[in-house]
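Trainee: I would like a close look at a single part of this model. Please take one strand and work outward from there.

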Amino acid sequence: MRLINRKINKYFLEKRFFTFKKNFSFLKKIINDTYAEINLSTLRKNFEAIKKYAGRNSDKGKKICSIVKANAYGHGMNEIAKALLDYGTDYLGTANYSESIELHDYFKKNTKKQFSLLCLGILTENGKFFEEIIKRKIEVTVSDIKIAGYLNDYAKGFNKKINIQIKADTGMNRIGFPADSLKEAVRKLKTFGNLNIKGIFSHFAESENAKSGFSLKQIALFKQLIKESEDSGFKFELKHICNTGGILNFNDPEFNMVRPGISLYGYYPEIGRPKKEIGISPVMTLKSKVSQLKTVDKNVSISYGRKYITKRKTRIASIPVGYGDGYPRLLTGKSKILINKKFYKVSGTICMDWILSDVGKESSVSVNDEVILFGRDLPADEPARLCGMIPYEILCGVSSRVQRVYV
Ligand SMILES: Cc1ncc(COP(=O)(O)O)c(C=O)c1O
């Protein structure tokens with residue numbers, strides 16, 4: 001009888017333990033008080049708003065190549081890419097081949113959906129990544145005929161046909177075939193039996209400037225290059241030039257795909273533009289908590305370099321976030337944070353792991369109160385502006401030790 005009782009007790013104990021573990025499994029995910037909350041329903045809304053806005057003046061709408069390079073602008077490449085695939089993105093764009101390979105392998109394991117990855121970066125002569133790309137059939141940007149020839153030979157060796165997109169340099173002067181060599185390059189590329197020309201694209205140099213005459217010239221040149229390369233027997237399936245700035249300011253109906261990056265994450269390329277304009281909002285909120293509160297006297301120095309001196313008896317909140325998490329040290333003496341929806345100044349030098357804030361003697365701030373460094377109620381435009389950065393840098397700068405928590 002005792003044995004049976006013991007077994008029953010063990011059974012109930014284990015059951016309670018597993019129920020507890022299941023109910024509180026989210027606790028496992030939040031280890032640090034500082035974390036980046038990534039709101040996937042905002043991502044979906046942004047994606048849908050961009051798709052609608054980009055396609056508003058063309059019958060068939062526009063295909064979307066969602067840019068997820070640089071760890072999806074700091075939001076976590078794999079999770080963001082998978083979400084965007086679920087929301088209906090046509091393509092995913094990476095910057096280099098290790099990102100493409102990582103994403104391809106993640107998708108193979110984690111989704112049954114079809115996906116198309118375009119790597120915006122180029123291959124070099126040393127043959128690095130050729131085999132990995134060919135085996136995975138990752139779509140490649142081509143901007144050099146010699147390297148395209150090597151890739152064709154490699155693909156032939158594996159008996160595979162690789163999709164390529166041709167990069168035309170229309171004025172960015174970064175990568176791509178120079179305009180005067182493009183027609184000949186396309187003619188040659190057509191003869192490579194193991195490469196399939198899927199599209200052609202270019203990139204704006206200043207599309208965030210709505211008045212840019214240079215962007216109009218880039219569009220005209222791009223159209224001319226396409227016209228010269230196409231004929232009755234050959235048409236590019238995909239033609240694209242628009243990043244976020246292009247979608248907003250230079251969205252020509254002749255091109256059938258767009259490549260939004262920053263707008264997916266809730267920002268415009270130029271600081272301070274009202275986000276309501278196309279209905280996007282920040283996806284990431286960098287959060288932390290008040291770890292310690294201490295009362296200090298008047299004339300007390302705070303943090304490294306003793307740059308902040310208290311003007312009265314006050315309370316200092318210590319918050320465990322710093323430039324080691326990607327909160328720029330350049331914001332020292334400039335930035336504000338939100339505690340309980342109220343703004344407070346960051347006081348004294350920003351450290352690697354801590355910031356400090358003089359919250360006053362009378363405020364209601366307590367230990368464990370939530371702190372927002374930037375995000376929905378405090379867009380990253382503001383810290384970016386204060387330290388001469390752009391929101392892209394603030395988002396991409398959130399370091400790897402900050403957990404991304406998807407809600
Ligand atoms: C080739 C290319 N296309 C699209 C984008 C996306 O740009 P944005 O984030 O401004 O939308 C980038 C980003 O730098 C890019 O390099």
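Along strand E16 (residues 336–339), which side chains point to one face and are buried, and which point to the other and are not?

Mentor: Keep in mind that this is a predicted model. Start with the strand itself. Ile337 and Ile339 point to one face of E16, and these two are buried. Lys336 and Leu338 point to the other face, and they are not buried. The general rule fits here: in a regular strand the side chains alternate between the two faces of the sheet.

Now look at the partners. Strands of a sheet pair through backbone hydrogen bonds, either parallel or antiparallel. E16 is joined to strand E17 (residues 342–345) by 4 bridges, and the two run antiparallel. Within that pair, Leu338 stands opposite Phe343. The connection is a hairpin, with 2 residues between E16 and E17. Asn340 sits in the turn and has a positive phi of about 50°.

E16 also pairs with strand E19 (residues 370–374). Here 2 bridges do the joining, and the direction is again antiparallel. Leu338 comes up once more: Ile372 is its bridge partner in E19. Leu338 thus faces Phe343 in E17 and Ile372 in E19.

Next, a sheet built from other strands. It is open, has 3 strands in the order E12-E15-E18, and its pairing is antiparallel. Its edges are strand E12 (292–296) and strand E18 (355–358), each pairing on one side only. Neighbouring strands in this sheet are turned by 25° against each other on average, direction ignored. Strand E15 (residues 314–319) is held to E18 by 4 bridges. Ala317 stands opposite Ser357 in that pair.

Step back to the chain. It is divided into domain 1 (62–271) and domain 2 (284–406). Their C-alpha centres lie 39 Å apart. Contact involves 10 residues of domain 1 and 14 residues of domain 2. On the domain 1 side, the touching residues are 6 nonpolar, 3 polar and 1 charged.

Last, the ligand. Its surroundings include Ile67, Leu120 and His203. Asn243, Thr244 and Gly245 are also among the residues around the ligand. So are Arg259, Pro260, Gly261, Ile262 and Ser263, together with Pro269. By class, this shell has 5 nonpolar, 6 polar and 1 charged residues.

Terms used: Residues are numbered from 1 along each chain as its sequence is written. This is a predicted model: local features need pLDDT of at least 70, side-chain atom pairs count only at pLDDT 80 or more; totals for chains, interfaces and linings use all residues. A residue is near a molecule or strand if its C-beta atom, placed from the backbone, lies within 6 Å of it. Ala, Val, Leu, Ile, Met, Phe, Trp, Tyr, Cys and Pro count as nonpolar, Asp, Glu, Lys and Arg as charged, and the others, Gly among them, as polar. Domain bounds come from an automatic or database domain assignment. Two residues are in contact if their C-beta atoms, placed from the backbone, lie within 7 Å. Two strands pair if DSSP finds at least two bridges between them. Axes are lines fitted to C-alpha atoms, for helices over the stretch in contact, and angles run from 0 to 180 degrees between N-to-C directions. A residue is buried if 20 or more other C-beta atoms lie within 10 Å of its own, exposed if 12 or fewer, and partly exposed in between; C-beta atoms are placed from the backbone.
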